[in-house]
Amino acid sequence: MTARSTVPVVAITGPLGVGKTSLVNALLRTPGARIGVVVNDFGAVNIDAGLVVGQIDEAASISGGCICCLDDTRGLDDALERLTDARLALDVVLVEASGAADPAVLSRLIRFSSAPRARWGGLVEVVDAAWFGRTTEAQRLGDARYRTASLVVANKTDRTPDADRVLRALGDVAPRAVVVQAVRGAIDPTVLFDVAERAASDELDFSGLTEPEHVHHHAEAVTRELHAPVSADTLVDLLDIPVPGVARIKGIVDVRIGNASRPYVVHVVTGTVHVEPLGTGTAARALVAIGYGFDAEVVRARFESVAVDGPSSPAGVRRLRRLLRLSR
Ligand SMILES: Nc1nc2c(ncn2[C@@H]2O[C@H](COP(=O)(O)OP(=O)(O)OP(=O)(O)O)[C@@H](O)[C@H]2O)c(=O)[nH]1
């Protein structure tokens, strides 16, 4: 089988909330490109799949756990087999991992996938440039995840005064990778397509696949499906008051405002709250919390307090509008 009769499959990894979905959405807006996406989210409801919008040609969703921890890899194999079918004529398939995924395990799953037309297209590691700028050199150099990357996207450069220094430091820890900067995942798509082409012709480098020190920390998730609009008051309380150990909250919620309700996307990433109106689509309404070693009962109780169809007070609506303003 020649390279032309295969489709590159690119893994998109990075810690919780760094901007992987934003990158996928930015790439999906590339005019003329036919892109398939496999979205793996950690919660029982795949929030990210609901947020992947734009000119999506083909999508598959794997939820219920981190892709690299699932006992059965058939979900990924089946998705890749379907998306690499010649009739779809896709240029590339992106696999957006959950923030808890181990890049080494994910790249192994793709490289050794049973899908006959799937070929390895490289690993894109997304980094929060503001966070990276604050880490020590020892921490950065000790992080094996950069070593296997073909492309490193230093995202959120709007949140650091010194993007150039971050790019240089990333070049040191990811010597094999192309390093680019981005805001909201907006990169030059040709960089991604070049990387995907080159990965196919590269000699396989297994160094990052067998890292002895590569310990996978298992994240936990609590999901609460929402079947009715919620009050702005309890929603903003949830977003504003942190729960120890919860690194990430994301959700798609309808908020009751007067007699109507409006849909919003909410994010909390290490204390930063982001709220925006939901675009088009019929994404499932749910809240998901992800983290390490948190008290699941506390999170469930917090989610239950939100999942009540109650009115929003004028103060609650004002607090929600303030978050919307700050998120612009
Ligand atoms: N300021 C700023 N915020 C960003 C940028 N990119 C993404 N965000 C915000 O960061 C939050 C997380 O973005 P996502 O794209 O969902 O991140 P993710 O890596 O897919 O998240 P997980 O799948 O949960 O790991 C959202 O609130 C985004 O609006 C950026 O370049 N600058």
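Two strands pair if DSSP finds at least two bridges between them. I keep that at the top of the page for the strand entries below. I also note that this is a predicted model.

**Entry 1: β1 and its partners**

I started with strand β1, residues 7-13. Which residue of β5 is the bridge partner of Val9? I found Trp120 there. Looking along the two strands, I see β1 and β5 (residues 118-128) paired in the parallel sense, with six bridges.

I then turned to β4, residues 92-96, which runs parallel to β1 and is joined to it by four bridges. Here I picked out Ala11, whose bridge partner in β4 is Val95.

Next I asked myself how many residues of β1 are buried. The count is seven of seven, and I write the strand down as mostly covered. I checked the two faces separately: Val7, Val9, Ala11 and Thr13 sit on one side, Pro8, Val10 and Ile12 on the other, and all are buried. So that I remember what the word rests on, the cut-off for buried is 20 or more other C-beta atoms within 10 Å of a residue's own.

**Entry 2: helix α7**

My next stop was α7, residues 163-173, where the buried residues are Val166, Ala169, Leu170 and Val173. Why do I put them on the same side of the helix? They cover an arc of only 105 degrees around the axis of α7, so they share a side. The face turned away from that buried side carries Asp164, Arg168 and Asp172, which are exposed.

**Entry 3: the two domains**

I looked up the domain assignment, which gives domain 1 as 3-210 and domain 2 as 220-326. For the contacts, I have 12 residues of domain 1 against 19 residues of domain 2. The side of domain 1 that touches domain 2 holds eight nonpolar and four polar residues, and no charged ones.

**Entry 4: the ligand shell**

Last, I went to the ligand and found 23 residues surrounding it. The closest are Thr21, Ser22, Gly99, His267 and His274. The elements giving two or more residues to this shell are α1 (20-28), β10 (246-257) and β11 (260-269). The largest share comes from α1, with three residues.

By class, I noted 11 polar, eight charged and four nonpolar residues in the shell. Where does the ligand lie with respect to the two domains? Both domain 1 and domain 2 give residues to the shell, so I place the ligand between them.

Key: Residues are numbered from 1 along each chain as its sequence is written. This is a predicted model: local features need pLDDT of at least 70, side-chain atom pairs count only at pLDDT 80 or more; totals for chains, interfaces and linings use all residues. Domain bounds come from an automatic or database domain assignment. Two residues are in contact if their C-beta atoms, placed from the backbone, lie within 7 Å. Ala, Val, Leu, Ile, Met, Phe, Trp, Tyr, Cys and Pro count as nonpolar, Asp, Glu, Lys and Arg as charged, and the others, Gly among them, as polar. A residue is near a molecule or strand if its C-beta atom, placed from the backbone, lies within 6 Å of it. A residue is buried if 20 or more other C-beta atoms lie within 10 Å of its own, exposed if 12 or fewer, and partly exposed in between; C-beta atoms are placed from the backbone. The arc is that of the directions from the helix axis to the C-beta atoms.
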